[in-house]
Amino acid sequence: MMRTFILLLSLTSILLPSNQVAAQPSTPQSLDGFSQDRVASQVELEKTLIQSLKPEMYREHLYRLTREPNIAGTVENRRVIEYMTESMEQAGLHVDHYDYDVWLPEPGEVSIEIVRPKREPLNNKEYILEEDLYTEDERLNHGWNAYSGIGDVTAEIVYANYGTKQDFELLNELGVSVEGKIVVARYGGNFRGYKAKYAEEYGAIGLIIYSDPANGGYVNGPAYPEGKFISESTIQRGSALTTEYYGDPLTPYEPALPVDGDIEIERLAPDNVGFHTIPIAPLPYASAQKILEQMDGTPVPNQNWQGGLPFTYRLTSDSPVEVNIKVDQPAELKPITNVIGVIEGSEYPDEWIIMGSHFDAWGFGAIDPNSGTAMLLSVADVLGEMVQNGYQPKRSIMIAHWDAEEYLLIGSSEWVEHLTDELNANSILYLNADAAVTGPSFSASSSPSLKKPIIEASKMVQHPDTTLSLYQSWSGDSDSPSIGNLGGGSDHVGLYMHIGVPAAGISMSQWSPVYHSNYDTFEYYKSHLDGSFSYGPALGGVYGTVALRFANADLLPYDFERYHEDLISHLDDIQAKAENHNLSIPADPMEEQLNSMESLVSQLADNMNTLSTEGYSKVNRDEINQKLIQLERNFIIEEGMPYSSWLKSLYASPDPYSGYASWMLPAFQYAIEEGFDDNEISQWVDIHAEAFKALNDNLSELIDMTSAE
């Protein structure tokens, strides 16, 4: 123990800036949404949760979740479902299962072979490591990309850098055609499905995606098992699905309820879904090198196209270099199950605070997703113990575990489509975990109304490596930490961008390049990310604190002031981008509403502060909270975005060209990228101004409702 204490003191001295005094997490004297006489008891409740989250609890869940590979639709994944169900039931939660039948492919057969100048089959599976015997499991699959086209093609090669929209446009400008060719692109820059989409649009007949050593390999540090970086055999798997809607590809906009259930759901024929038609296959860099090093044609146009392999990268080859790709990927309807644990609220059981993470993986999934899953199961353990000791939240707390996220957010999207009306009426917030626990750096991305609650919750939890709070380690020397905006790639998309539930992703992280590979194991996690298993409990303290504050508050503590601040910033960015594209956004109608919003949020904040001091007896809290719940819904428009009617939020969306990046005021982003005419842009200005006005009307009503005169 003494040695551990000395090491901790030493680490603290390294991590603390010389001008910063170590301090324990603060004890707040006031809490947004709570009357003054309830603050002390609420803070004690939060401290109980935070102090009860233990590394051994988190470690046990992570270990149990990662005993075997668990791909959606497999028997191994059913065993994970059973474990999570039993765990939450033992903690005292009521557990609901939501079952769906969805269209899932299997790994099938994938082979890549150099045909000319010399035949050579290429390895597409990770090496077995004696240092990590998880890697010898026979159930681990070769590299594959779900929803690949099926085919057996042979052709010459064109190198396309990251395979982004801009990369294919540059190839076209340079006169390099990919028509009838097989494209080789490296991972990074965009969602893998868009690499396939653009390759197919430009006429390619096949696609190879590989992990370049410049992006998490020896260029960055030692490979696993010596270090945490990718080795020459590491392969990133993943879905390539790029439908304009999320969820099961056969049931757009409808829940994929079981085929033998009481409700009949009309399903598309697979041939009528816009699946990719070209074969897609991933490779490790040692295999890709054998292709790329033989190319002797046009060198890459600039340094941004040069990867980390030890030769000049080339777009084409003058000498014939031909490759064969064969993909045979069967698919069928398979059952998936969302597992949702519920602690029912004592006063408002139909108002829901939801925390969630998916649980399906491409292999063992210690990082993605089970670091987040184990954290939420730990929170469930502690909340359940608190309930058994007499606590009950005013509002219901749900801990959700989503199935088949890896295929295109299927489980969560089906649940949202299934329960749209209930979620619209009842859901207060959604906190998304996913691969949330990988290292010491605390960060968050959020809708505006959850930014302050996350900041305040981070002040309650001590960083496990220092005597600083998470807030202090996060904010550093700045007055306030930076909180990002949500993009794509995880289960918040359906709740936030389809139906308008305020959402956030909160994490403690570091770079872990073995993403979606067979090396994402418990051994890797223990050896290179967090051998003390302390980051999971710390992050769980933030998730739990945010949940408890919203569950128990007199008035829901949304950061409504942030709507004005963030909208001003996003509109400025849009206007600057439009100017760079020689377009004009006639923003006066929106700016007029934003000017009104500034005074409205200020007045509402004053009213809320007065109520917290004087008490809430003179106002109708139930009506106020129902109005607060609906604030975010003002950004939802039924017709959706011009590029996807499934994505309905005017406020935020995934970038439809990359799939991951965050687009704020996305209809304008798309209008600028696609060069909409003045009339089309003016129509979107009116739509936004109307939404801002609806938000202002709600704020005005809240001002009247919170005036305790």
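1. A good place to start is Ile112, which stands opposite Ile325 in strand 10. That pair belongs to the contact between strand 2 and strand 10 (residues 322-328), which run antiparallel and are joined by seven bridges. Please keep in mind as you look around that this is a predicted model.

2. Zooming out from there, strand 2 and strand 10 sit in an open sheet of seven strands, ordered 3-2-10-5-6-7-9, and the pairing in this sheet is mixed. Which strands stand at the edges? They are strand 3 (120-121) and strand 9 (280-283); each has a single partner strand, so one side of each is left without a neighbour in the sheet. As background, strands of a sheet pair through backbone hydrogen bonds, either parallel or antiparallel.

3. There is another open sheet to find, with its seven strands in the order 1-11-13-12-14-16-15 and, again, mixed pairing. Its edge strands are strand 1 and strand 15 (441-446), each of which pairs on one side only. On average, neighbouring strands here are turned by 20° against each other, if direction is ignored.

4. To follow this sheet strand by strand, begin at strand 1, which pairs with strand 11 in the antiparallel sense over 12 bridges. Two residue pairs make handy landmarks: Tyr100 has Ile336 of strand 11 as its bridge partner, and His97 has Val339 of strand 11. Val339 is useful once more on the way to the next strand, as this residue also stands opposite His401 in strand 13. Strand 11 and strand 13 (residues 395-402) run antiparallel and are joined by five bridges.

5. Now look at the helices that accompany this sheet. Helix 11 (residues 451-458) lies across strand 15 and strand 16 (503-509), and runs at about 160° to strand 15. Helix 15 (residues 535-552) packs on the sheet as well, where it touches strand 12 (348-358), strand 13, strand 14 (427-432), strand 15 and strand 16. The direction of helix 15 makes about 155° with that of strand 16.

6. The nonpolar interior deserves a visit too. The largest nonpolar core has 234 residues, and those with the most contacts inside it are Met355, Leu383, Tyr407, Trp415, Ile506 and Tyr543. What does Met355 touch, leaving aside its neighbours within four places in sequence? Its contacts include Leu376, Val379 and Leu383, the run Ile397, Met398, Ile399 and Ala400, then Tyr430 and Leu431, and also Tyr543 and Ala547.

7. Turning to charged groups, the structure holds 27 salt bridges. In general, side chains of opposite charge can pair when their charged atoms come close. One of these bridges links Lys334 with Glu106, with the closest N and O atoms 2.9 Å apart. Lys334 lies in strand 11 (residues 331-343) and Glu106 in the loop between strand 1 (94-105) and strand 2 (109-116), so this pair ties together parts that are 228 residues apart in sequence. Is each partner buried or partly exposed? Lys334 counts as buried, at 9% relative accessibility, while Glu106 counts as partly exposed, at 30%.

8. Other salt bridges sit inside a helix. Arg64 and Glu60 meet through their side chains at 3.8 Å, N to O. They are four residues apart in helix 3 (residues 55-65), and are therefore separated by about one helical turn. Arg64 is partly exposed, with a relative accessible area of 41%, and Glu60 is partly exposed at 38%.

9. Helix 16 (residues 561-580) offers a further case: Asp566 and Arg562 both lie there, four residues apart, about one turn of the helix. Their side chains form a salt bridge at 3.0 Å, N to O. Here Asp566 counts as buried, at 6% relative accessibility, and Arg562 counts as buried too, at 16%. Elsewhere, salt bridges that share partners join Glu68, Glu76, Arg79, Asp137 and Arg139 into one network.

10. Finally, have a look at Asn607, placed in helix 17 (residues 588-614). This residue counts as buried, at 10% relative accessibility. Where does its side chain reach? The side chain of Asn607 comes to 3.1 Å from the backbone oxygen of Ile703. Leaving aside neighbours within four places in sequence, Asn607 is in contact with Ile703, Thr706 and Ser707.

Conventions
Residues numbered from 1 in each chain as written. Predicted model: local features only at pLDDT ≥ 70, side-chain atom pairs only at ≥ 80, totals over all residues. Heavy atoms only, no water. Core = buried A, V, L, I, M, F, W, Y, C linked by side-chain atoms within 4.5 Å. Buried < 20%, exposed > 50% of the residue type's maximum accessible area, 1.4 Å probe, protein only. Contact = heavy atoms within 4.5 Å. Salt bridge = Lys/Arg side-chain N within 4 Å of Asp/Glu carboxyl O. Polar contact = N/O pair within 3.5 Å; in protein donor to acceptor, adjacent residues only side chain to side chain. Pairing = 2+ DSSP bridges. Axes fitted to C-alpha atoms, helices over the stretch in contact; angles between N-to-C directions.
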